[in-house]
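The following exercises are to be worked with the sequence and the structure at hand. Each task is followed by a solution that proceeds step by step.

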Amino acid sequence: MQHVNSWRNVAAATGRADRAAAEAGVRRAYRTAGLAEPDRIIWAASPRAAVETVEKLTDAGRSVREEVRTRPWAEERRRMYDELGPAGWSALWSATGAQLWETTAALAERIRTGVVADLAVRPEDEGDVRLVLLDAVLGQHDAAWLAAFDGRGDRLTGLAEVARNAGWWWPYERAVVIAERPDVLHRDEAGRLDHGEGPALAYGDGFALYAWRGMPVPAAFLAELSTLTPERIRAEENAELRRVMLEYYGYDRYLTESGAEPVHRDETGILWRIALDGDEDVVMVEVVNSTPERDGTHRTYWLRVPPTTRTAKDGVAWTFGLEGAAYAPVRQT
């Protein structure tokens with residue numbers, strides 16, 4: 001559906017917010033909820049800065065997230081469920097919100113974790129930070145459920161206007177705090193945060209998240225990747241970071257430069273094993289494509305296989321979903 005792609009773009013939008021449009025959406029959301037419009041709308045450069053701003057608010061009144069976001073959403077969901085029936089609602093969600101839910105929910109959780117890590121200086125501070133985060137409406141990162149209701153009534157129009165034009169926001173009786181969208185967002189083909197040369201997500205005030213294929217990593221760690229050596233990889237004590245190093249460096253390159261020796265070879269290829277302290281072995285099969293390239297050469301591929309693999313044939317068979325004994329290709333390609 002076209003509007004699903006539109007909301008996909010909303011969830012991934014970067015750059016300056018359209019403040020006038022977002023503020024108009026906030027006011028509409030308040031009016032729709034039967035509330036007086038807020039006296040003040042305060043902008044913050046990031047979710048982290050927004051939490052700090054909320055903590056310093058005076059005379060803002062109580063949170064009205066329940067009235068502005070939670071209750072309208074629940075009532076609209078019930079209306080659509082009653083109108084479409086269980087099967088119809090399930091089909092609608094599968095075709096709309098479900099397409100965006102996993103990646104946007106994961107991104108929102110990473111942002112929450114990053115805010116807590118930055119602001120909870122002492123362990124006892126964490127609860128207070130999380131309580132402020134619970135008051136947030138997620139703006140652009142509410143794209144999944146807003147996609148499901150797009151074009152099906154105007155009850156959520158104010159919320160949708162904010163989402164299309166800004167980041168997270170905090171609604172209180174007399175004041176609203178709105179965060180800008182990120183300046184930078186890098187994700188892999190699976191929608192996970194991923195960047196090897198800087199922050200995967202960054203806001204204008206310096207709040208940033210660093211990740212490699214979805215796994216959080218320290219900023220200093222990424223700076224080191226371009227100078228990796230087999231010795232440095234072996235010396236890394238953190239198994240998860242060592243795995244990132246190997247992925248970045250390349251398993252085939254590591255095998256070649258570390259002086260690894262094959263543990264088995266047969267007509268299908270060569271089996272290699274990398275023993276790693278505190279982690280499962282990395283096992284790979286080196287195979288040669290029997291179909292020549294245009295220049296007559298034959299390309300070599302490295303296939304990662306389970307650590308329990310004992311022969312090259314078993315490894316190649318596993319990539320086809322077969323047992324080694326059942327693998328007998330007429331011609332390898």
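## Exercise 1: An aromatic pair

Tyr 248 has a relative accessible area of 30%, so this residue is partly exposed. The model is a predicted one.

Task: Determine whether Trp 212 is buried or exposed, and classify the arrangement of the rings of Trp 212 and Tyr 248.

Solution.
1. The relative accessible area of Trp 212 is 10%. Buried means under 20%, so Trp 212 is buried.
2. A pair of aromatic rings is described by the distance of the centres and the angle of the planes.
3. For Trp 212 and Tyr 248, the ring centres are 5.4 Å apart and the planes stand at 65°. Centres within 6.5 Å make a pair, and planes over 60 degrees apart count as edge-to-face; the pair is therefore edge-to-face.
4. Trp 212 belongs to strand E7 (residues 211-212) and Tyr 248 to helix H11 (residues 239-249). The two residues are 36 residues apart, and their pair links distant parts of the chain.
5. The count of aromatic pairs comes to ten. One aromatic cluster is formed by Trp 73, Trp 89, Trp 93, Trp 101, Trp 145 and Phe 149.

## Exercise 2: Two helices in contact

Task: Classify the packing of helix H4 (residues 65-95) against helix H5 (residues 98-119), and state which residues make the contact.

Solution.
1. The two helices pack at an angle of about 55°, and their axes are 5 Å apart.
2. Angles under 35 degrees count as roughly parallel and 65 to 115 as roughly perpendicular. The angle falls in neither class, so H4 is oblique to H5.
3. H4 contributes Trp 93, Ser 94 and Ala 95 to the contact, while H5 contributes Ala 98, Gln 99 and Trp 101.
4. By type, the residues of this contact comprise four nonpolar, two polar and no charged.

## Exercise 3: A sheet of three strands

Task: Which strands stand at the edges of the open sheet with the order E1-E3-E2?

Solution.
1. The sheet is open, has three strands and shows mixed pairing.
2. Strand E1 (40-44) and strand E2 (169-171) each have a single partner strand, so one side of each is left without a neighbour in the sheet. These two are the edge strands.
3. Neighbouring strands of the sheet are turned by 15° against each other on average, direction ignored.
4. E1 pairs with strand E3 (residues 175-179) in the parallel sense, over five bridges. Ile 42 has Val 177 in E3 as its bridge partner.

## Exercise 4: A sheet and its helix

Task: Describe the open sheet with the order E9-E10-E11-E12, and state what helix H13 touches.

Solution.
1. This sheet has four strands with antiparallel pairing. Its edge strands are E9 and E12, each of which pairs on one side only.
2. From one strand to the next, the twist averages 20°.
3. Between E10 and E11, antiparallel pairing runs over five bridges. Leu 271 stands opposite Val 285 in E11.
4. H13 packs on the sheet and touches E9, E10, E11 and E12. The direction of H13 makes about 85° with that of E12.
5. In H13 (residues 312-319), the residues Ala 312, Gly 315, Val 316 and Ala 317 are buried. The buried residues of H13 pack against strand E9 (262-266), strand E10 (269-274), strand E11 (282-288) and strand E12 (300-305).
6. Gly 321 follows H13 and has a positive phi, near 75°.

Conventions
Residues are numbered from 1 along each chain as its sequence is written. This is a predicted model: local features need pLDDT of at least 70, side-chain atom pairs count only at pLDDT 80 or more; totals for chains, interfaces and linings use all residues. Side-chain values use heavy atoms; hydrogens and water are left out. Two strands pair if DSSP finds at least two bridges between them. Axes are lines fitted to C-alpha atoms, for helices over the stretch in contact, and angles run from 0 to 180 degrees between N-to-C directions. Buried means under 20% relative accessible area, exposed over 50%, partly exposed in between (1.4 Å probe, protein chains only). Contact means heavy atoms within 4.5 Å. Angles under 35 degrees count as roughly parallel, over 145 as roughly antiparallel, 65 to 115 as roughly perpendicular and the rest as oblique. Ala, Val, Leu, Ile, Met, Phe, Trp, Tyr, Cys and Pro count as nonpolar, Asp, Glu, Lys and Arg as charged, and the others, Gly among them, as polar. Rings of Phe, Tyr and Trp (its six-membered ring) pair if their centres lie within 6.5 Å; planes under 30 degrees apart count as stacked, over 60 as edge-to-face and the rest as tilted.
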